[in-house]
Amino acid sequence: LHSGQVSLTLRRSLDVQTLNELLGSDLELDLLVSHSKANLVISEALYELQEHDPRKLAELGKAAHIITVSARIAMPSGLDRVTDVMGMLDGFGLLNSRLTIKTDVQVPMAWHHTNTEWPLHLPVTATLRDILA
């Protein structure tokens, strides 16, 4: 498969289709937050928007802050605020990341998971609070 075929396959997923519907609607979104594989869903939906409604992507790019957690994924150009968050111990997320994209927020002593009942979790609420402050 070449990259175009891969993108078409991903964009047919129900997750991407659902997000495409939301992004194409009249909703005024100012924050998109995703974890791990959902980062890819957001990326694919935004690339789809770039392809079919660049004006809407430009509006979203000015209004919305996109925060990805536990995997650094490429996003279309023109997005003003994208923050990539990684746990310092997150080797799994690193394997699923673009190495050319820098980590904006590195969370000390945090692994990939977000379950607050397990040790070494990435504390999403506290991390988002700090980023959005």
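These exercises, each with a worked solution, go through parts of one predicted model.

Residues are numbered from 1 along each chain as its sequence is written. Because the model is predicted, local features need pLDDT of at least 70 and side-chain atom pairs count only at pLDDT 80 or more, while totals for chains, interfaces and linings use all residues; side-chain values use heavy atoms, with hydrogens and water left out.

**Exercise 1. The length of a helix**

Task: Compare the expected span of helix α3 (residues 37-52) with the distance between its end C-alpha atoms.

Solution:
- Step 1. Helices (H or I, at least four residues) and strands (E, at least two) are DSSP runs, numbered from the N terminus.
- Step 2. The expected span is 1.5 Å times one less than the number of residues.
- Step 3. For the 16 residues of α3 this gives 22 Å.
- Step 4. The end C-alpha atoms of α3 are 23 Å apart, which agrees.

**Exercise 2. Two helices**

Task: Describe how α3 and helix α4 (residues 54-63) are placed against each other.

Solution:
- Step 1. Two packed helices are described by the angle between their axes and the distance between the axes.
- Step 2. Axes are lines fitted to C-alpha atoms, for helices over the stretch in contact, and angles run from 0 to 180 degrees between N-to-C directions.
- Step 3. The axes of α3 and α4 come within 5 Å and cross at roughly 130 degrees.
- Step 4. This makes α3 oblique to α4; angles under 35 degrees count as roughly parallel, over 145 as roughly antiparallel, 65 to 115 as roughly perpendicular and the rest as oblique.
- Step 5. On the α3 side, Leu46, Leu49, Gln50 and His52 make the contact (heavy atoms within 4.5 Å).
- Step 6. On the α4 side, Pro54, Lys56, Leu57 and Leu60 take part.
- Step 7. Buried means under 20% relative accessible area, exposed over 50%, and partly exposed in between (1.4 Å probe, protein chains only). The buried residues of α3 include Leu46 and Leu49, and also Asn39 and Val41.

**Exercise 3. The sheet**

Task: Work out the strand order of the sheet and find its edges.

Solution:
- Step 1. Two strands pair if DSSP finds at least two bridges between them.
- Step 2. The four strands form an open sheet in the order β1-β2-β3-β4, with parallel pairing.
- Step 3. β1 (31-35) and β4 (105-107) each have a single partner strand, so they stand at the edges and one side of each lacks a neighbour in the sheet.
- Step 4. From one strand to the next, the twist averages 15 degrees.
- Step 5. β2 and β3 pair over five bridges, and His65 has Arg81 in β3 as its bridge partner.
- Step 6. Strand β3 (residues 81-87) pairs with β4 over three bridges. Here Gly87 is partnered by Val107 of β4, and Met86 stands opposite Gln106.
- Step 7. Five of the seven residues of β3 are buried, so this strand is mostly covered.
- Step 8. Helix α6 (residues 124-132) lies across β1, β2 (65-69), β3 and β4, at about 145 degrees to β2.

**Exercise 4. Thr68 and His113**

Task: For each of these residues, state where it lies, whether it is buried or exposed, and what its side chain reaches.

Solution:
- Step 1. Thr68 belongs to strand β2. Its relative accessible area is 1%, so Thr68 is buried.
- Step 2. The side chain of Thr68 makes a polar contact of 2.4 Å with the side chain of Asp84. A polar contact is a pair of N or O atoms within 3.5 Å; within protein, one must be able to donate a hydrogen and the other to accept it, and residues adjacent in sequence count only if both atoms are side-chain atoms.
- Step 3. Apart from neighbours within four places in sequence, Thr68 is in contact with residues including Ser34, Asn39 and Met75.
- Step 4. His113 sits in the loop between β4 and α6. With 13% relative accessibility, His113 counts as buried.
- Step 5. The side chain of His113 reaches the backbone nitrogen of Asn115 at 3.3 Å.

**Exercise 5. Positive phi**

Task: Which residue of the loop between β1 and α3 has a positive phi although it is not a glycine?

Solution:
- Step 1. Most residues other than glycine have a negative phi.
- Step 2. The residue is Ser36, with a phi of about 55 degrees, placed in the loop between β1 and α3.
- Step 3. Ser36 counts as buried, at 17% relative accessibility.
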